[in-house]
Amino acid sequence: MVKSGDSEIQLSDNIPSEVCATSKDLQADDATNQMSTSEDPAVQILLPDKTTNLTVTNITSRSVQIFWADPENTGDDRGRAAVLIGFLIKLKKGNALIRNVTTDKVNKRKLTNLTPCTTYEISVAAKNKHGFGEETIASLMTSEEAPSGPPVNIKSTSRSASSLSFTWDSPEKDKQNGVIISYTACVSHSENGPCLEIFTTSKREWIVRNLNASTKYYVRVLATNKAGSSAYSGSKAFFMNGRAAKKATEVTSSTLTFSLEIPSKTFLYFYVVALKLKGGKEPASSDSYENSELVKYAEARKSTNPKSYIAAVVASSGVHRNMFILGDGRNTSDPTSRRRRSISSDYYNGPLEPGTSYSVFQRIALNDKSEYYSTDWSPPSKTNEYTGGPHVLTKMSSGDIKAKEGDLVNLMCSAQGEPPITFSWEKDQKPLDSIVEIEKPHRSSFLVVTVEDQSSFGKYICHIRDRFQSTTYTIWVQKLEDIGNDKNDDGSDKYLAGIIVLAILLIISVVINIAYFIYQNRRHKSSKANPENESRDRNNSKDIYENPDKIKDDANYEQVESEQSTYTALKRTGKDENDDHLYGHLNEVHEDSVNQKETGM
């Protein structure tokens with residue numbers, strides 16, 4: 001029998017382990033168990049019977065109090081009732097004996113330092129001088145108390161530019177102190193700041209929506225049972241994804257041009273990460289990729305399963321434009337390795353596969369403490385199917401040219417095709433070196449020919465090769481004297497050219513005269529207003545004639561405009577030892593294009 005306050009409750013061993021009982025919920029049964037020093041019936045007559053009225057009361061989460069009555073038969077001592085000299089109390093949790101106490105002739109005991117919401121077995125046996133008698137056994141469960149530890153292992157399962165999904169684990173088992181019935185999650189802008197949103201759930205997960213892109217939020221969680229709530233866990237910081245790049249604006253069979261989202265906050269650099277999409281399957285959330293999981297182009301190209309690869313590294317210095325061409329065949333280097341200049345840190349933006357869908361995201365490094373965030377994946381963009389070899393742009397390329405000995409002839413060869421496009425020149429099966437190659441408005445190559453003698457005339461062949469195929473374009477340089485013998489030439493071209501030249505000279509002469517008249521008129525008005533200027537002008541003129549060397553010195557200086565290089569990436573301002581490897585600004589065009597290959601391929 002168990003008493004709780006003024007009520008008595010029958011004890012039972014069948015207490016469900018997942019429910020913590022209070023004293024009013026407790027049930028237990030007396031159970032007898034023979035305990036003696038000998039199995040001899042004659043000896044057992046000498047031992048006391050089991051104690052009676054075992055009562056458990058004042059049950060809390062950490063302690064209980066027990067009472068019992070002496071056995072009716074205390075044992076035989078030479079025909080008289082034996083004298084009880086004490087009691088043996090045992091406390092078990094499961095099969096483990098955790099307490100074994102012998103007391104004097106006292107019929108009560110307070111058991112402390114128990115564990116909340118835990119089932120125990122208590123037994124009491126009386127003792128006389130012959131030994132211990134039968135045990136009286138009861139089972140009980142301590143009550144709950146508020147969890148002494150918070151939830152643990154808060155982690156993000158997915159995130160986007162506006163939503164964050166995260167999970168957590170229950171408090172440690174020995175700190176739950178009962179059955180956890182709910183969790184309360186808090187999202188804030190600072191580590192211990194006020195909650196922007198609070199959510200209570202019986203599950204260990206939550207999806208927060210309507211958050212701001214590229215923003216840092218803090219999440220903390222507490223656990224609750226019937227007795228109360230734990231303290232909040234430590235705050236875990238999460239960066240929301242940035243907005244995704246839009247679908248590719250320009251498409252070829254091997255390149256895709258994206259408009260990237262340039263971070264508005266301070267950052268060191270960002271990776272442009274690409275993924276070939278297979279079977280219409282959506283990629284995992286961009287934030288789920290660890291940096292160590294991002295491979296290089298060569299490994300992604302060889303893999304049978306699509307792998308996310310780093311196509312380029314873009315530094316923060318002087319970010320100006322945001323156009324990026326995926327698959328342009330360039331190399332960039334990781335800024336974190338610039339001191340080592342290690343080729344292992346180079347990333348190759350290799351050509352894409354025709355008729356294939358790709359998606360990109362940016363991994364933005366905020367500082368040198370490995371803190372970063374990602375943008376969402378861009379919408380899938382598909383490359384064109386390959387339709388053939390390079391196409392010569394005949395309207396932009398040079399046609400046949402007429403020249404005479406001593407002339408300088410400029411030959412231009414322009415083409416479209418799948419990058420990288422390369423050019424080479426030859427005449428009479430001998431290679432020639434072109435002066436320069438440009439990207440805009442179309443890939444072109446220039447060859448300057450000095451017409452020295454009869455051998456300079458003839459057929460010049462421009463060899464053009466794109467990623468897949470090659471073709472040629474032929475330009476003839478003809479001798480000017482041979483043109484005069486042409487029966488169809490009536491000399492009208494010469495007359496027309498003469499008229500054009502005379503008209504141009506006439507226009508120039510008129511412009512000069514008008515400018516001179518305006519100048520003289522202004523000078524005359526100025527001299528009347530300030531006679532000192534006229535005197536100074538005369539002195540200046542005299543000085544020029546008397547010091548002709550001054551003119552020579554001035555002639556030695558000319559204004560030189562710095563040659564502006566154009567590239568297809570982010571424009572950089574200032575000098576940096578790694579400028580040759582980084583995208584200085586997006587959408588730039590090389591003056592001297594080189595067929596680049598990935599280091600280590």
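# A walk through the chain

Of the 601 residues in this chain, 41% count as buried, where buried means under 20% relative accessible area, exposed means over 50%, and partly exposed lies in between (1.4 Å probe, protein chains only). Please keep in mind that this is a predicted model, in which local features need pLDDT of at least 70 and side-chain atom pairs count only at pLDDT 80 or more, while totals for chains, interfaces and linings use all residues. Residues are numbered from 1 along each chain as its sequence is written, and side-chain values use heavy atoms, with hydrogens and water left out.

**The whole chain**

Begin with a cartoon view: the chain has seven helices and 41 strands. Helices (H or I, at least four residues) and strands (E, at least two) are DSSP runs, numbered from the N terminus. Switch to a surface and you are looking at about 34,300 Å² exposed by the chain, with carbon and sulfur atoms supplying 49% of it; accessible areas come from the Shrake-Rupley method with a 1.4 Å probe, and for residues only the protein chains shown count as cover. Among contacts with a separation of 6 or more, 65% are between residues 24 or more positions apart, a contact being heavy atoms within 4.5 Å.

**Stop one: Pro151**

Select Pro151, in the loop between strand 12 (131-141) and strand 13 (152-159). Is Pro151 buried or exposed? Its relative accessibility is 2%, so Pro151 counts as buried. Leaving aside neighbours within four places in sequence, Pro151 touches several residues, including Trp168, Tyr183, Val221 and Ser233. Now add Gly234: Pro151 and Gly234 are 83 residues apart in sequence, yet 9.2 Å apart in space, C-alpha to C-alpha.

**Stop two: the disulfides**

How many disulfides does the structure hold? There are two, a disulfide being a pair of cysteine sulfur atoms within 2.5 Å.

Select Cys186 and Cys195 to see one of them, with sulfur atoms 1.9 Å apart. The torsion about their S-S bond is about -110°, so this disulfide is left-handed. Cys186 is buried at 0% relative accessible area, whereas Cys195 is partly exposed at 28%.

Next, select Cys413 and Cys462, joined by a disulfide with an S to S distance of 2.3 Å. This pair links distant parts of the chain, 49 residues apart: Cys413 is in strand 33 (residues 408-416) and Cys462 in strand 38 (residues 458-465). Here the torsion about the S-S bond is about -90°, so the disulfide is left-handed. Cys413 is buried, with 0% relative accessibility, and Cys462 is buried, also with 0%.

**Stop three: Gln362**

Move to strand 28 (residues 357-365) and pick out Gln362. Gln362 is buried, with a relative accessible area of 1%. Which backbone oxygen lies 2.8 Å from a polar atom of the Gln362 side chain? Show Glu261, and you will find that the oxygen is from its backbone. Beyond neighbours within four places in sequence, the contacts of Gln362 include Leu260, Phe270, Tyr271 and Tyr373.

**Last stop: a patch on the surface**

Finish on helix 5 (residues 492-529), where you can select Val510. Val510 is partly exposed, with a relative accessible area of 43%. Add Leu506, Ile514, Phe517 and Ile518: together with Val510 they form a nonpolar patch on the surface, with about 500 Å² of accessible area. Patches are made of residues with over 30% relative accessible area and no salt bridge, with like charges joined within 9 Å and nonpolar side chains (Val, Leu, Ile, Met, Phe, Trp, Tyr) within 5 Å. A salt bridge is a side-chain nitrogen of Lys or Arg within 4 Å of a carboxyl oxygen of Asp or Glu.

How values were computed: Polar contact = N/O pair within 3.5 Å; in protein donor to acceptor, adjacent residues only side chain to side chain.
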